[in-house]
Amino acid sequence: AITAYFNKACLATQEETLGLIVSEILTEGQKLSRLAICTKLLRRSEMASCEEEIAHYNKLIALIFER
């Protein structure tokens with residue numbers, strides 16, 4: 001239970017994750033767009049080490065396409 005608690009604490013907030021991704025995109029000199037953000041999120045989801053991380057990235061992808 002203690003390990004699960006600390007693993008949850010290690011996950012970034014949605015705002016922090018999106019901020020990091022936007023920063024990466026701009027630093028790489030790419031054009032900022034929904035496609036660029038979703039591509040980064042999908043890549044991170046593929047590289048995720050646990051189900052909580054995958055769920056975190058999937059929630060952010062869903063937010064990008066909400067209207």
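Asn 58 sits in helix α4 of this predicted model. With a relative accessibility of 39%, Asn 58 ends up in the partly exposed class, because that value lies between the 20% and 50% cut-offs. Across from it comes Ser 45, a residue of helix α3. The two are 13 residues apart along the chain, and their C-alpha atoms are separated by 7.5 Å. Ser 45 is buried, because its relative accessible area of 14% is under the 20% limit. Leaving aside residues up to four places away in sequence, Ser 45 touches Ile 54, Tyr 57 and Asn 58.

That pair belongs to a broader meeting of two helices. Helix α3 covers residues 34-47 and helix α4 covers residues 51-65, and their axes lie 9 Å apart at an angle of about 165°. An angle over 145° counts as roughly antiparallel, so α3 and α4 are roughly antiparallel to each other. Their crossing is left-handed. On the α3 side, the contact is made by Arg 34, Ile 37, Cys 38, Leu 41, Leu 42, Arg 44 and Ser 45, while α4 brings in Ile 54, Tyr 57, Asn 58, Leu 60, Ile 61, Ile 64 and Phe 65. Sorted by class, the residues in this contact of α3 with α4 come out as ten nonpolar, two polar and two charged.

Right after Ser 45 in the numbering comes Glu 46, which is also placed in helix α3. Glu 46 counts as exposed, because its relative accessibility of 61% is over the 50% mark. Glu 46 and Tyr 57 are eleven residues apart along the chain, with 9.6 Å between their C-alpha atoms. Tyr 57 is also one of the α4 residues in the contact with α3.

Helix α3 has another partner in helix α2. These two helices pack at an angle of about 115°, and their axes are 10 Å apart. Angles from 65 to 115 degrees count as roughly perpendicular, so that is the label for α2 against α3. The crossing of α2 and α3 is right-handed. From α2, the contact draws on Thr 17, Leu 18, Leu 20, Ile 21, Val 22, Glu 24 and Ile 25, and from α3 on Ala 36, Ile 37, Lys 40, Leu 41 and Arg 44. Here the split is eight nonpolar, one polar and three charged residues. Some α3 residues turn up in both of that helix's contacts, among them Ile 37, Leu 41 and Arg 44.

The loop between α2 and α3 holds Ser 33. Ser 33 is partly exposed, because its relative accessibility of 29% falls between 20% and 50%. Ser 33 and Val 22 are eleven residues apart in sequence, and 9.3 Å separates them in space, C-alpha to C-alpha. Val 22 itself is part of the α2 side of the contact with α3.

Helix α2, made up of residues 14-27, also meets α4: the axes of the two come within 11 Å and cross at roughly 75°. That angle makes α2 roughly perpendicular to α4 as well. Gln 14, Thr 17 and Leu 18 of α2 meet His 56, Tyr 57, Lys 59, Leu 60, Leu 63 and Ile 64 of α4. This group divides into five nonpolar, three polar and one charged residue. Thr 17 and Leu 18 are listed in the contact of α2 with α3 too, and Tyr 57, Leu 60 and Ile 64 also take part in the contact of α3 with α4.

Then there are the cysteines. Cys 38 is buried, because its relative accessible area is 6%, under the 20% limit. Cys 50, at 28%, lies between 20% and 50% and is therefore partly exposed. A disulfide is a covalent bond between the sulfur atoms of two cysteines. A search of the whole structure turns up zero disulfides.

Stepping back to the chain as a whole, the protein has four helices and zero strands. Read from the N terminus, the order of elements is α-α-α-α. Of the 67 residues in the chain, 24% are buried. As for contacts with a separation of 6 or more, 43% of them are between residues 24 or more positions apart.

Key. Residues numbered from 1 in each chain as written. Predicted model: local features only at pLDDT ≥ 70, side-chain atom pairs only at ≥ 80, totals over all residues. Heavy atoms only, no water. Disulfide = S-S within 2.5 Å. Buried < 20%, exposed > 50% of the residue type's maximum accessible area, 1.4 Å probe, protein only. Axes fitted to C-alpha atoms, helices over the stretch in contact; angles between N-to-C directions. Parallel < 35°, antiparallel > 145°, perpendicular 65-115°, else oblique. Left-handed = near helix turned anticlockwise from the far one by under 90°. Contact = heavy atoms within 4.5 Å. Nonpolar A, V, L, I, M, F, W, Y, C, P; charged D, E, K, R; others polar.
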